[in-house]
Structure formats: structure tokens, C-alpha cells
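Work through the following exercises with the coordinates open in a viewer, and try each task before reading its solution.

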Amino acid sequence: MTAATFTRDEADPRRLLKALASQEALLAIAVIGLAIAVGLYNPRFLATRNLSDVLLGNAYIAVAAVGMSMVIISGNIDISVGSLIGVLATVSGTLAVNGAPIIVTWLVPLVVGVLVMAAQGAVIAYLRIPAIVVTLGMLSILKGGLISVTGGKWITDLPDSFHLANIELFDTVPMPVLLMIVATILAAVWMRHSATGRSIYAVGGNAEAARLCGISQPRTTVMVFALHGFFAGIAALLYATQLRVIQSTVPPNLELTIITASVVGGVSILGGVGTVIGSSLAAILIAEIASALVFTDVSPYWIRAVQGTLILITVIADILRRRRMAGA
Amino acid sequence: MANDPPLRESAEPSLLSVRDIEKSFPGVNALSGVSFDVAKGEVHALLGENGAGKSTLIKIISGVFPPDRGEVIVDGKPVNLQRPDDARRAGIATIYQELLLFPELTVAENIFMGHAPRAGLGRLDWRAMREKTTDLLASLAIHDLQADRVVGSLSVGNRQRVEILRALSQDARILIMDEPTAALTEYDVTRLFDIVRKLKARGVAVIYISHRLDEIFAIADRVTVLRDGAHIATKRVADTTATELVHLMVGRKIESLFPKITVLIGEPVLEVKDLERRPLTKGISLTVRAGEIVGLAGLVGSGRSELAHTIFGVTPAEGGDIKICGQAVDIGSPARARALGVGYVPEDRGTQGLVRPMTVRENFSLAALGKIAFGGFIDRASERKLAGDGVKRFAVKTSSLEQVAGKLSGGNQQKIVLGKWLANQPKLLILDEPTRGIDVGAKAEIHRLMGELAAQGLAILMISSELPEVLGMSDRVLVMREGRIVAEFSRDEATQEAVGAAMMGEHDNVEKVA
């Protein structure tokens with residue numbers, strides 16, 4: 001029994017290989033590689049205008065995927081987020097059109113998002129009802145409520161100051177992209193270094209073990225849903241302000257796109273594993289693929305099939321990895 | 001060890017023979033050369049401590065997994081049992097402790113699941129199914145059960161009868177029953193015995209597994225004792241006594257893997273008085289002092305883990321008092337227990353102890369996040385130090401602190417689950433089966449650490465199903481049975497026979513604890 005229980009080898013070349021094989025690195029490589037490949041086929045793809053459109057138009061998905069990743073890592077799932085984003089965007093737009101101060105139109109979606117999601121988290125955690133059932137119920141309530149209240153009427157004549165995309169940092173980085181990057185980095189740091197972030201991984205990895213270590217699973221679940229609601233609020237703002245109109249409906253299959261981004265980003269659907277950086281990268285990759293289809297003259301309707309394939313590949317890889325771990 | 005040749009009833013030829021079965025799992029030798037046989041119309045009991053190899057043996061006979069070596073012979077012909085279906089075809093049926101029924105379906109549907117009578121064009125013949133069920137019920141004189149009853153509405157005893165009928169409907173000639181009375185009321189046990197006797201009269205061979213000696217004397221013809229995966233003896237029940245069986249079961253040399261250190265025993269750390277939490281914690285009183293290791297012995301299901309859960313706040317007490325270091329406390333959650341300086345190493349490290357996808361570092365710090373987090377953020381340097389110290393102190397064999405914990409061997413995982421509590425500087429550790437399923441080397445190290453921790457003044461309450469461990473490690477031994485503490489022994493009084501007898505409830509004149 002010597003102290004030399006480690007057999008670590010700093011110079012091990014496999015460590016570099018291992019780092020490169022991480023989900024985040026693979027996604028970053030894929031994002032860049034795809035851009036180059038499609039750029040070679042059709043240089044217009046690389047035009048600043050197009051790349052900026054891809055980022056601007058999908059930043060909200062990346063932000064929502066950050067919260068979704070936290071939820072999935074904690075061992076839950078949320079399918080109501082797409083509808084919630086639709087509702088929050090409409091609420092925010094309605095306030096703006098009716099002359100509410102801009103700061104109010106920006107803050108209300110955040111607060112409402114946190115409250116709705118925390119309430120769902122509480123029902124899931126304290127009444128012990130599976131997350132998929134609770135959020136399915138909420139999905140219908142929000143979706144149905146929205147269409148009934150607005151009658152599907154579009155919100156137009158939004159004040160100019162409402163549009164986040166008009167604000168640019170150093171005249172180059174538009175606000176939505178900045179928010180996406182900041183949200184991702186803050187969330188990543190928080191998940192990796194905070195005690196609560198660690199609890200989220202522990203509860204998702206083994207709820208019983210976490211409980212027997214004195215970690216409160218219900219509290220963690222409510223917390224994670226509240227945060228998810230906060231990110232959904234930001235996503236709703238980005239969504240509401242990207243166009244001149246708000247359609248007052250829920251973007252079709254939005255929740256599925258968000259879940260896809262999380263899963264493709266390396267978050268294990270079984271909980272306990274994954275990072276928020278991966279899911280943001282995956283959101284960008286999916287958006288990039290959709291744009292690439294257009295620029296390579298492939299029908300954009302293929303994007304769903306591509307998303308599906310990506311999901312299956314990552315989930316199968318995840319399951320195989322887990323099985324190998326269990327066998328070891 | 002296994003010199004005792006299996007005795008043969010000369011009158012009846014064996015229906016089932018098991019010859020020289022060997023089976024090992026990674027790191028564990030589960031069965032080494034076990035042989036026994038069962039005659040037509042015989043009830044043959046299998047007896048042994050937890051981990052003696054009974055479950056492995058019946059799983060081999062029921063085709064759950066094949067043996068490494070040896071053969072199973074039915075009617076004089078060797079049968080190749082690769083999967084459960086092979087066993088079914090050989091006429092072997094098994095009734096497990098957890099009944100495998102469909103609660104939403106009727107009695108008849110459950111009995112004929114998988115082999116329902118057909119009426120042509122692939123349709124089910126409901127009438128035939130119902131009639132056959134009624135016949136089966138009549139053949140065992142069961143009058144309070146109807147073919148159309150939904151199984152979910154039945155009592156445990158009646159569900160078990162459905163399983164037995166299911167076995168008979170498949171013409172099973174060899175019936176294995178794994179602790180069939182564990183969840184039954186006394187009345188249901190009587191009825192079960194009636195049925196077993198009827199089966200016996202029909203020539204069915206029954207392999208009966210039970211911990212309860214009185215049942216074995218009531219129903220079995222012969223009994224085979226297993227210990228540590230080896231065949232110890234086969235006796236005619238008429239020729240043996242309970243004392244002899246207990247002796248055969250536990251009569252193992254106590255190999256002291258790590259010599260017990262004598263330490264100064266201090267003030268009481270844990271004092272429990274009249275603790276109640278139904279159904280399995282009934283009026284428990286006990287004391288554990290600083291530096292003392294108290295062993296908690298008992299059979300599976302005697303309420304030991306439930307007691308641990310109640311003390312640790314997982315299932316808070318419904319009555320009674322707990323004092324920690326003389327202070328009356330109310331432990332409503334594990335977080336509260338942790339704050340009071342109590343640590344708990346659960347029985348099943350895979351499902352309750354380790355967060356498998358997390359790294360060694362993260363698992364080590366899980367119970368002490370509050371101690372190493374500042375302003376809500378974990379201080380990485382403190383965490384690395386904490387985990388590094390743990391790895392060194394427990395000699396955890398891992399390639400690095402960043403190794404995923406699920407990939408380590410069982411022994412190393414257990415060291416982490418135990419070690420994570422020490423960062424919290426606990427006063428009391430409750431260890432539930434601390435060395436189950438780990439190899440001898442890791443076991444010795446955990447025993448050494450327990451000794452060291454006690455020497456440093458930690459109070460340890462150790463639950464163990466291995467008598468040598470209980471006797472070797474404990475300063476005092478408490479025995480639980482059916483939710484109560486039924487005996488207490490000092491280190492000198494605690495012999496295998498005495499503790500074993502108290503566990504089995506062989507005689508009730510064991511001293512009651514005040």
C-alpha cells in the first residue's frame with residue numbers, strides 16, 4: 001500500500017486524443033468542417049450576411065437548449081418549453097405594443113418563465129409525477145390558451161427599441177449572439193463549479209445516492225426548472241425580437257428542436273451526463289445544417305430527417321458508452 | 001469440506017440430480033462442486049446463510065444462467081439448461097420471492113400466459129382456459145379463488161397459489177420455491193404447506209428454500225446445507241436437530257482478516273430509545289459509544305437496514321427518541337443526519353451509494369460539498385485535496401482523480417462510498433453490509449480502516465450478514481429479528497452458534513435487551 005496509487009501519465013498521447021473525442025470538440029470540429037465543406041461547394045454560404053443570419057435566427061434555440069440540458073442532466077425532461085416560449089414572446093410583444101416601458105417588456109418574460117417552470121418543477125418533485133406527464137399537460141394548456149386568447153392574430157407595429165438585434169456590442173456583435181454566448185458560458189461555469197450544479201449532476205446520475213448524501217432531490221429539481229424557465233424567458237425575448245412581427249403561435253416542434261440540441265450536444269437522456277456548451281454548439285450545428293441544405297440545393301424539408309439521424313447516432317453512442325462502462 | 005456423500009433415499013429414484021456444479025462470477029466463486037438430488041414426491045430443503053450460494057444454485061437449475069462446470073440430470077438424462085425455457089421444458093418451474101404475475105390480468109390469464117389453449121385461427125380458447133383453471137383450483141382444493149378474479153386484487157398468499165397453479169399448468173414435475181413464506185401470514189403458511197403436501201402426494205419434487213428452521217422441520221424430508229458455495233451436508237430431517245443445522249450453516253473458521261484493535265471506549269455517541277417506524281422498526285433501543293464497533297446481525301428482512309434508514313432520517317421515526325452525543329435530536333432527513341455528524345454507507349453501493357457517471361473526485365466530495373464550497377462555488381483545490389487524501393488513505397486503485405467511478409472495481413467503489421463520509425468528520429458511521437461482494441483484499445483493507453476509525457473515536461454501527469465479519473469486528477453484537485432487537489452479546493459471549501441461534505429464533509429464551 002504505497003502512496004503511488006495513481007498511474008497517471010501526463011504525457012500520454014491518448015489524453016489529447018481523448019480530449020479531442022469529447023462531444024464538445026467533435027461538435028466544434030463539425031461546425032467548422034461543415035462550413036468549409038459547404039463553402040467550397042457554394043461560397044455564398046460563407047457570406048457574413050448568411051452566417052450572421054444563421055446565428056441570429058437560432059440564438060434562441062441555443063439559449064433554450066442550455067436550460068433544457070440542465071433539466072435533462074437532472075434526470076427530467078420538459079416538452080412544454082416550446083409553447084412557453086411562444087406565450088412569453090406574445091406577452092412581451094403585447095406589452096411593447098401597448099406602450100409598456102422596454103425594460104418591463106424584457107423583464108416580464110423572464111419572471112413569468114421562472115414562475116411557470118418552478119411551478120412545474122414543484123409538481124414533479126413534490127407530487128412525484130413524471131416530468132413528461134406534467135410538461136405535456138402544460139404544453140397543451142399554454143398552446144391552447146395562447147391560440148384562444150390571441151385568436152392567432154399577429155402582433156405588428158412593434159417599437160424599434162424593442163428589437164434586441166438592433167443593439168450591437170462594439171458595432172459588431174449583435175445582442176442575441178452576445179446573450180447566447182454569455183448565457184452559455186455562465187451556465188457552463190455554474191454547472192461545473194457551483195455546489196448546486198454538482199447536485200444537479202448527482203441527482204441525475206443517481207438520485208438515491210444523492211439523497212443518501214443529504215442532497216435534497218425535490219429542491220434541486222425545482223431549482224433546475226426555475227433556471228430553465230429563466231433561460232426560456234431569454235429565448236422568448238430573442239425569438240420575439242428577431243422579426244418585425246410576432247406570430248402569436250407556438251413555433252411548430254420547437255421543443256423537439258431544443259431537446260435535439262441538448263441530446264446531440266452530449267447530454268445523456270438518462271441523466272447525470274453532459275455539458276451546456278455541447279448543447280449550444282449542437283444548436284448552432286443544426287441551424288448550420290438547415291442553411292447548408294438550402295445552399296447545396298437540397299430540399300430544406302430534409303432538416304427533420306437530419307435532426308432525427310443526429311439524435312439516433314448520439315443516443316446509440318451514449319448507450320454503448322454506458323454499457324461499456326457497466327461492463328468494465 | 002464436502003466429504004459428506006449425498007444420501008440417497010433408496011425407495012425412490014432421483015427425479016433431479018445436480019452433479020458437481022461450479023459457477024464463478026468475476027471475483028467471486030459462487031459455487032464450487034455442489035451436488036444434491038431430489039426424489040419424486042420429496043420435499044428437499046436448501047439451507048444456508050445469505051451468500052452461501054442457494055440463489056445461484058436455483059438460478060442454474062431454472063436455466064437463468066448455465067453453470068461453468070457440472071451437470072443437471074432430470075430422469076437420469078443430462079439436460080442442457082441454457083435459458084429458462086429449457087428448464088420449463090424439462091419440467092422445472094421456479095417460484096421466486098418476487099412473484100412474476102401480471103396484476104391487471106385475471107387468474108386464468110396469468111396461469112396460461114404463454115401457453116394458452118387455442119381455438120383455431122390463432123384465437124384464444126377462453127372457455128377451455130377457464131375450465132382448465134377451475135380444474136386446477138379444484139385439484140388443490142382451493143375454493144376461495146376464481147378464474148376470473150383480477151390478480152392485482154388478490155392477497156400475497158393467493159397470488160402465490162396462482163404461481164403454483166401456473167407451474168402445474170405447465171406440467172412441472174420439479175418445483176423450486178425460493179423463500180415462499182417470507183411475505184406470508186401464518187394462516188397462508190399453513191395453506192401453503194397443505195398445497196405442498198398435495199403436490200408431494202402427486203409425485204412432484206419440491207426444492208424448498210427457507211431460512212426458517214421450524215418450517216424445514218415441518219415440511220421437508222431432507223435438507224442440504226450450503227456454505228460459501230460448497231455443499232456441506234445433506235441430512236434426513238428426521239435424523240437432525242436445529243442445533244446441528246445452525247452449526248452446519250455457520251460453523252466456519254473465523255479467519256481474522258484484520259486483527260481487531262482494542263481501543264478505549266468513550267461516551268455514548270448514539271442513544272436510541274423505543275424507536276418506532278412500522279412495519280420493521282419496533283421499539284428499538286440501543287447505544288453506540290465513541291470508539292465502539294457495534295455489530296447488527298440478523299437475517300435479510302429482519303429490519304436492520306430499515307433501522308439504519310430511520311436513524312439516518314431517510315424514513316424518519318414515528319416514535320421514540322434519538323440522542324446524538326447526549327443531545328436529543330429530531331432527524332427528519334439525511335441532510336439533517338449529515339449535519340449532526342452521522343454518515344451512512346448503504347447496502348447496495350451500485351444503486352444507493354455511487355454516482356457512477358461521476359468522477360472519483362466528484363464522488364468523494366459529494367457528502368461534503370458544504371465544506372468545500374464558498375459562496376456556492378466549489379473550491380477546486382480543496383476538492384482535489386479532499387479526494388486525493390481519500391484515495392491515499394483508502395488506497396483506492398484508480399488511474400486518476402478524474403477517472404469515472406463506475407469503471408472501478410467493486411472494492412474500490414466501496415472505498416469511495418465509505419471514504420466520502422470522512423471528509424465530513426462524522427461522529428457516527430452506519431455501515432450497511434460494508435464488504436458485500438468485494439474481494440478478500442479490499443475486504444481486509446476496509447476492516448483495517450474500520451479499526452483505525454474506531455481508534456480515532458468514531459462510533460460505528462455495522463450491519464452485516466456475514467457472521468465471521470460481525471464476530472471479528474464487533475465490540476458488541478446486537479441481533480435483530482422481525483423488527484426487534486432480540487439479543488445482545490458482548491464480544492466474549494458472541495459465538496457463531498449463539499448469534500446464529502438468535503438470528504434464526506431457534507429458541508426464544510435468548511436474553512432480552514432492556
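**Exercise 1: a strand and its neighbours**

In strand 22 of chain B, Arg484(B) is the bridge partner of Arg481(B). The model is a predicted one, and the exercise starts from this pair of residues.

Task: Determine which strands pair with strand 21 of chain B, and in which sense strand 21 and strand 22 of chain B run.

Solution. Step one: strand 21 and strand 22 (residues 484-490) of chain B are joined by 6 bridges and run antiparallel. Step two: the hairpin that these two strands form has 2 residues between the strands, and Glu482(B) in that hairpin takes a positive phi near 50°. Step three: strand 13 (residues 293-298) of chain B is joined to strand 21 of chain B by 5 bridges, and here the two run parallel; within this pairing, Leu296(B) has Leu478(B) as its bridge partner.

Task: Decide whether the faces of strand 21 of chain B are covered or open.

Solution. Step one: a residue counts as buried if 20 or more other C-beta atoms lie within 10 Å of its own. Step two: in a regular strand the side chains alternate between the two faces of the sheet, so each face has to be examined separately. Step three: Arg476(B), Leu478(B) and Met480(B) lie on one side, Val477(B), Val479(B) and Arg481(B) lie on the other, and all of them are buried, which leaves both faces covered. Step four: since 6 of the 6 residues of strand 21 (residues 476-481) of chain B are buried, the strand is largely enclosed by the rest of the structure.

**Exercise 2: the nonpolar core**

Task: Identify which residues touch the most other members of the largest nonpolar core, and which element gives the most to this core.

Solution. Step one: the core holds 243 residues, and those touching the most other members are Val63(A), Ala64(A), Ile85(A), Ala235(A), Ile460(B), Val479(B) and Val499(B). Step two: the element that gives the most to this core is helix 10 (residues 217-240) of chain A, with 16 residues. Step three: once neighbours within four places in sequence are left aside, the contacts of Val499(B) include Ala297(B), Leu467(B), Val477(B), Val479(B) and Phe489(B).

**Exercise 3: the open sheet of chain B**

Task: Establish the strand order of the open sheet of 6 strands, and explain why strand 6 and strand 10 of chain B each have one side without a neighbour in the sheet.

Solution. Step one: the order is 6-7-8-3-9-10 in chain B, and the pairing is mixed. Step two: strand 6 (92-95) and strand 10 (230-236) of chain B stand at the edges and have a single partner strand each, so one side of each is left without a neighbour in the sheet. Step three: from one strand to the next, the twist averages 20°. Step four: inside this order, strand 3 (residues 43-47) and strand 8 (residues 205-209) of chain B run parallel and are joined by 4 bridges, with Val206(B) of strand 8 as the bridge partner of Val43(B).

Step five concerns the helices. Helix 5 (residues 156-169) of chain B packs on the sheet by touching strand 6 and strand 7 (174-178) of chain B, and its direction makes about 170° with that of strand 6 of chain B. Helix 8 (residues 242-250) of chain B lies across strand 3, strand 9 (222-227) and strand 10 of chain B, and runs at about 30° to strand 9 of chain B.

**Exercise 4: the interface**

Task: Find how many residues of chain B are in contact with chain A, and which elements contribute two or more residues to that side of chain B.

Solution. Step one: 33 residues of chain B are in contact with 27 residues of chain A. Step two: the elements of chain B that give two or more residues are helix 10 (334-339), helix 11 (349-353), strand 18 (377-378) and helix 14 (380-393). Step three: sorted by type, the residues on this side of chain B are 19 nonpolar, 8 polar and 6 charged.

**Exercise 5: backbone conformations in loops**

Task: Locate Arg128(A) and Ala395(B), and state whether each is buried, partly exposed or exposed.

Solution. Step one: Arg128(A), which is not a glycine, has a positive phi of about 50° and is found in the loop between helix 5 (102-126) and helix 6 (131-150) of chain A. Step two: with 9 other C-beta atoms within 10 Å, Arg128(A) is exposed. Step three: Ala395(B) also has a positive phi, near 50°, and lies in the loop between helix 14 and helix 15 (410-422) of chain B. Step four: with 18 other C-beta atoms within 10 Å, Ala395(B) is partly exposed.

Note on methods. Residues are numbered from 1 along each chain as its sequence is written. Chains are lettered from A and ligands numbered from 1 in the order in which they are written. This is a predicted model: local features need pLDDT of at least 70, side-chain atom pairs count only at pLDDT 80 or more; totals for chains, interfaces and linings use all residues. Two residues are in contact if their C-beta atoms, placed from the backbone, lie within 7 Å. Ala, Val, Leu, Ile, Met, Phe, Trp, Tyr, Cys and Pro count as nonpolar, Asp, Glu, Lys and Arg as charged, and the others, Gly among them, as polar. Two strands pair if DSSP finds at least two bridges between them. Axes are lines fitted to C-alpha atoms, for helices over the stretch in contact, and angles run from 0 to 180 degrees between N-to-C directions. A nonpolar core is a set of buried Ala, Val, Leu, Ile, Met, Phe, Trp, Tyr and Cys residues joined through C-beta atoms within 7 Å. A residue is buried if 20 or more other C-beta atoms lie within 10 Å of its own, exposed if 12 or fewer, and partly exposed in between; C-beta atoms are placed from the backbone.
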